[in-house]
Amino acid sequence: MTNEAVVLEKEEQVTWRVGVEQAVRILCVIGFLITLLLPFIICDALGSVAPVFSQETGIVLSAGEASSQTRFFYDLSYMLQNSGEVFVPLQVFVVGAQWITSSVGAGATFMGALGLIAMALLYVVPVVLFAVLKTSRYVHNTTMDKVRTHVIPICGVLYLFITVMTAIFVIGYRWNFFWEYDKHYDFAFQFFMAYGGLKMLFSMIIGFFITVGCGALTVIYKKGIE
């Protein structure tokens with residue numbers, strides 16, 4: 001068997017390292033698509049929830065003329081376009097934090113800022129993590145090994161932060177909205193979707209598994225497991 005055949009056979013062999021790397025890459029793609037495609041705000045513009053949400057966040061909701069569509073979807077670009085004196089993406093998180101903490105002080109503002117940072121990282125971290133894992137699959141040298149060894153744990157820590165923050169908002173929304181409107185499940189679920197609870201729920205789940213994957217890869221690289 002030639003050296004070329006030996007190398008090819010080694011590359012095609014599915015090991016623990018290869019399997020975990022592949023799983024993390026797939027999760028990065030799924031998470032990034034969720035970040036790009038799933039609307040943050042899902043609101044019934046004709047319902048009882050809409051006026052409260054609109055007043056709290058400064059986002060004007062309108063069903064339009066002769067429209068039979070009652071549910072409207074708004075993403076980050078919409079919020080940026082409607083930002084003026086108030087930065088709407090931050091405002092949505094701050095008001096959400098006020099719901100969770102039952103306060104309007106600096107603590108809620110700080111928590112809202114952390115929530116926004118966590119969501120912003122979802123546009124960057126999966127791209128970096130995917131690029132490093134994909135490149136390291138084909139480039140085998142000392143420099144690439146060092147980059148991979150340092151980047152993977154950092155991405156793992158960032159995803160841990162994302163997971164914790166999204167979990168705080170998801171659990172906080174679930175507790176507060178469904179407790180506040182215990183007799184009106186539809187109202188509670190509308191608030192949950194309007195403040196980004198649905199998107200953060202999916203991001204939290206994906207983030208948790210990527211955090212575990214990065215932790216596993218860190219151990220694998222440190223111990224030299226193939």
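Okay, let's start with Arg148, which is buried, with a relative accessible area of 12%. Keep in mind that this is a predicted model.

So who does this arginine pair with? One partner is Asp145: the two form a salt bridge, with the closest N and O atoms 3.7 Å apart. They sit three residues apart in helix 8, which means about one helical turn separates them. Asp145 is at 34% relative accessibility, so we call that one partly exposed.

Arg148 also has a salt bridge to Glu21, and there the closest N and O atoms are 3.8 Å apart. Now, Glu21 is in helix 2 while Arg148 is in helix 8, residues 142-180, so this pair ties together parts that are 127 residues apart in sequence. Both Glu21 and Arg148 are buried.

Staying with Glu21, what is the distance between its closest N and O atoms in the salt bridge with Arg17? That one comes out at 3.2 Å. Arg17 and Glu21 are four residues apart in helix 2, so again we're looking at about one helical turn. Arg17 is buried, just like Glu21.

Put the pieces together and you get one network: Arg17, Glu21, Asp145 and Arg148, joined by salt bridges that share partners. For the record, the structure holds three salt bridges.

Another contact to helix 2's stretch of sequence, this time by C-alpha distance. Lys134 and Gln22 are 112 residues apart along the chain, yet their C-alpha atoms are separated by 8.8 Å. Lys134 lies in helix 7, residues 125-138, and is partly exposed, with a relative accessible area of 31%.

Okay, empty space. How many cavities of 30 Å³ or more does the structure hold? Just one, with a volume of about 40 Å³. The lining is Gly31, Thr35, Leu122, Tyr159, Ser203, Ile206 and Gly207. Helix 2, residues 16-37, and helix 10, residues 197-223, each supply at least two of those, and helix 10 has the largest share, with three. As for the chemistry, we have three nonpolar, four polar and no charged residues.

Last stop, the surface. Val29, Leu33, Leu36 and Leu37 make up a nonpolar patch, with about 370 Å² of accessible area together. Take Leu37, in helix 2: buried or exposed? With 65% relative accessibility, this leucine counts as exposed, because the cut-off for that label is over 50%.

So helix 2 keeps turning up: Glu21 in the salt bridges, a share of the cavity lining, and Leu37 in that patch. That's my tour, over to you.

Definitions and conventions:
Residues numbered from 1 in each chain as written. Predicted model: local features only at pLDDT ≥ 70, side-chain atom pairs only at ≥ 80, totals over all residues. Heavy atoms only, no water. 1 Å grid on protein atoms, 1.4 Å probe; cavity = no way out; pocket = protein on both sides within 12 Å on 5 of 7 lines; lining within 4 Å. Points joined across faces, edges and corners; volume = space filled by probe spheres on them. Helix = DSSP H or I, 4+ residues; strand = E, 2+ residues; numbered from the N terminus. Nonpolar A, V, L, I, M, F, W, Y, C, P; charged D, E, K, R; others polar. Patch = residues over 30% accessible without salt bridge, like charges linked within 9 Å, V, L, I, M, F, W, Y side chains within 5 Å. Areas by Shrake-Rupley, 256 points an atom, 1.4 Å probe, with all protein chains shown as cover. Salt bridge = Lys/Arg side-chain N within 4 Å of Asp/Glu carboxyl O. Buried < 20%, exposed > 50% of the residue type's maximum accessible area, 1.4 Å probe, protein only.
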